[in-house]
Amino acid sequence: MSEFTRKFYQDFIQDNRWHFITDGLKITLLVTLLALLIGTLIGIVVGIVRCAHDQQTKNELRGVKGSILKALNLICKVYVTIIRGTPALVQLLIMYFVILVTARSKVFVAVLTFGINSGAYVAEIFRGGIMSIDKGQMEAGRSLGLSYVQTMYKIILPQAFKAVLPSLVNEFISLLKETSICGYIGLNELTRGGDIIRGTTFDAMLPLFTVAIIYLTLVLLIQGVAGRVEKRLRKSDVR
Amino acid sequence: MISVRDLHKSFGDNEVLRGINYEIDKGEKIVIIGASGSGKSTFLRCLNLLETPTSGSIFVEGEEITAPGADVNRIRQKMGMVFQHFNLFANLSIMDNITLAPVMLGLQSKEEAKENALRLLQRVGLTEKADAYPAQLSGGQKQRIAIVRSLAMNPEVMLFDEPTSALDPEMVGEVLEVMRELADSGMTMVVVTHEMGFAREVASKVLFVDEGIIKEENTPQEFFANPKDARLQEFLSKVL
């Protein structure tokens, strides 16, 4: 038996160790997808609140509605500042050891942490996207009698989404890879799965390379899908 | 139809409008001229509240649109606006650009809006562009579509904010032609422009806005033949 096959057998076949990789991959995908969902929802809402606030005139910010918007804007600003200002790992540890001490599911803690974390970045991406749309688009919508929300929904957001898609994909790829820190709270995701094999068999190369290749494959998949979506969205750019 | 009383507008410390008073009757074609920075565009944009006046009041058909709590969105449905940079919705086809507002606001069914849009497109000779996107059109075509988009709302009055200033010279004519036809059809129009020929031929009144007030107001014949204000004389000597 060659050295490679012997190690391969030891790392993956013996005692069904490949389960560490496949189970880890499942956890990684689950945490990433759910966090992505939460992060996008938070991001869109926070991004719109920030823009809605910045696009109103001082006059429009008076009154009850204006005060509510001002308060929401402040909350969103603080949220983005704190999340962007601290490492995701610290957030994860605080969430697990301080805030959600009684939580039974580590997956739940991870999903919530990464969802909240990603939301801050997605919010800034969306804010940038919305702000980059020519203000004439909003004026044209309003001049026809459409409300701010109607114009936002039908005109601004579709254009902003197209503009921010590459940044969003970037954020999603970061999110996928960042879930590898879940090992710190003892969640057996993909990276930790590979690392457990390394610790058992004392062979570092094969399990870690396997883990790396799986991440790379996932990223390539995401890129492929994003490329197709971008192509479809570019329909209105044809000249 | 539109009544403007002591309209003021400041941007920070910069007072752009310093007390404008004016009455526009139904069917009138008001052309506003003035140097850049004179406040003429700001005045026009105050009429449909794209700019919020600092003080003063504007009445449209007897309703004070500057009153707190006035339903701005409903008032704007009756006031079409055409912009210097067209501002067609970049993500929508020409047909959707035209039908979006009437359908979304529940004024017309999808079918009605489509029929109406095709009729209007025919009027400006752009029927074959219904399924195109704005990026595929020339400037002149975009502006004609922008006019059609406003007309699809069946407005009582049309506001034009330098509609030909961003166009290549050879495309100015096609847009002015559409505006002329619109004027002939009896539409009430307020036009900010540098096209003196258009002012002369189409306007019922020409206004000269300078330093945030209306310095001179007259019929086009008198306005161009016997300008009284010194600044207007200077301005006309430069542009004519």
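Guide: Helices here are DSSP runs of H or I with at least four residues, strands are DSSP runs of E with at least two, and both are numbered from the N terminus. With that settled, B:Asn87 can be placed in the loop between strand 6 (79–82) and helix 3 (94–104) of chain B. One thing to keep in mind is that this is a predicted model.

Visitor: What makes the phi of B:Asn87 worth a remark?

Guide: The phi of B:Asn87 is positive, about 55°, although the residue is not a glycine.

Visitor: Why is B:Asn87 called buried?

Guide: Buried means under 20% relative accessible area. B:Asn87 has 6% relative accessibility, so it counts as buried.

Visitor: Which loop holds B:Leu49, and what is said of its phi?

Guide: B:Leu49 sits in the loop between helix 1 (40–47) and strand 4 (55–60) of chain B. Its phi is positive at about 65°, and B:Leu49 is not a glycine either. With a relative accessible area of 13%, B:Leu49 is therefore buried.

Visitor: Let's turn to the two chains. How do you know that chain A and chain B are in contact?

Guide: Contact means heavy atoms within 4.5 Å. By that test, 25 residues of chain A are in contact with 27 residues of chain B.

Visitor: What area is buried between chain A and chain B?

Guide: The size of an interface is often given as the accessible area lost when the parts come together. Between chain A and chain B that area is about 2,200 Å², with 60% of it from carbon and sulfur atoms.

Visitor: How many residue pairs are in polar contact between chain A and chain B?

Guide: The count is seven residue pairs, both residues of each being at pLDDT 80 or more. On chain A's side, helix 6 (135–143) and helix 7 (148–178) each supply at least two of the residues that touch chain B. Helix 6 of chain A gives the largest share, seven residues. By type, the residues of chain A that touch chain B are seven nonpolar, 11 polar and seven charged.

Visitor: Why is the pairing of B:Arg45 with A:Glu139 called a salt bridge?

Guide: A salt bridge needs a side-chain nitrogen of Lys or Arg within 4 Å of a carboxyl oxygen of Asp or Glu. The closest N and O atoms of B:Arg45 and A:Glu139 are 2.6 Å apart, and the pair passes. B:Arg45 lies in helix 1 of chain B and A:Glu139 in helix 6 of chain A, so this pair joins two chains. Both B:Arg45 and A:Glu139 are buried. The count of salt bridges between chain A and chain B is one, while the structure holds 26 over all chains.

Visitor: What makes the salt bridge of B:Lys40 with B:Glu162 a tie between distant parts of the sequence?

Guide: B:Lys40 lies in helix 1 of chain B, and B:Glu162 in the loop between strand 7 (157–161) and helix 6 (169–184) of chain B, so the pair ties together parts that are 122 residues apart in sequence. Their closest N and O atoms are 3.7 Å apart, and the limit is 4 Å. B:Lys40, at 4% relative accessibility, is buried, and so is B:Glu162, at 11%.

Visitor: How do you know that B:Glu234 and B:Lys238 are about one helical turn apart?

Guide: They are four residues apart in helix 9 (residues 230–239) of chain B, which means a separation of about one helical turn. Their closest N and O atoms are 3.3 Å apart, and they form a salt bridge. Exposed means over 50%, and partly exposed lies between that and 20%. B:Lys238, at 64%, is therefore exposed, and B:Glu234, at 41%, is partly exposed.

Visitor: How do you know that the span of helix 3 of chain A agrees with what it should be?

Guide: At 1.5 Å a residue, the 23 residues of helix 3 (residues 63–85) should span 33 Å, and the end C-alpha atoms are 33 Å apart, so the two agree. Among the buried residues of this helix are A:Leu69, A:Cys76 and A:Ile83. What covers the buried residues includes helix 2 (18–55), helix 4 (88–99) and helix 5 (106–132) of chain A.

Visitor: Finally, why is A:Thr151 called buried?

Guide: A:Thr151 has a relative accessible area of 0%, so it is buried. A:Thr151 is in helix 7 of chain A, and among the residues A:Thr151 touches are A:Gln137, A:Met138 and A:Gly141.

Technical notes: Residues are numbered from 1 along each chain as its sequence is written. Chains are lettered from A and ligands numbered from 1 in the order in which they are written. This is a predicted model: local features need pLDDT of at least 70, side-chain atom pairs count only at pLDDT 80 or more; totals for chains, interfaces and linings use all residues. Side-chain values use heavy atoms; hydrogens and water are left out. Buried area is the accessible area (1.4 Å probe) that two parts lose on being put together, summed over both. A polar contact is a pair of N or O atoms within 3.5 Å; within protein, one must be able to donate a hydrogen and the other to accept it, and residues adjacent in sequence count only if both atoms are side-chain atoms. Ala, Val, Leu, Ile, Met, Phe, Trp, Tyr, Cys and Pro count as nonpolar, Asp, Glu, Lys and Arg as charged, and the others, Gly among them, as polar. The expected span of a helix is 1.5 Å times one less than its number of residues. Buried means under 20% relative accessible area, exposed over 50%, partly exposed in between (1.4 Å probe, protein chains only). Lists of a residue's contacts leave out its neighbours within four places in sequence.
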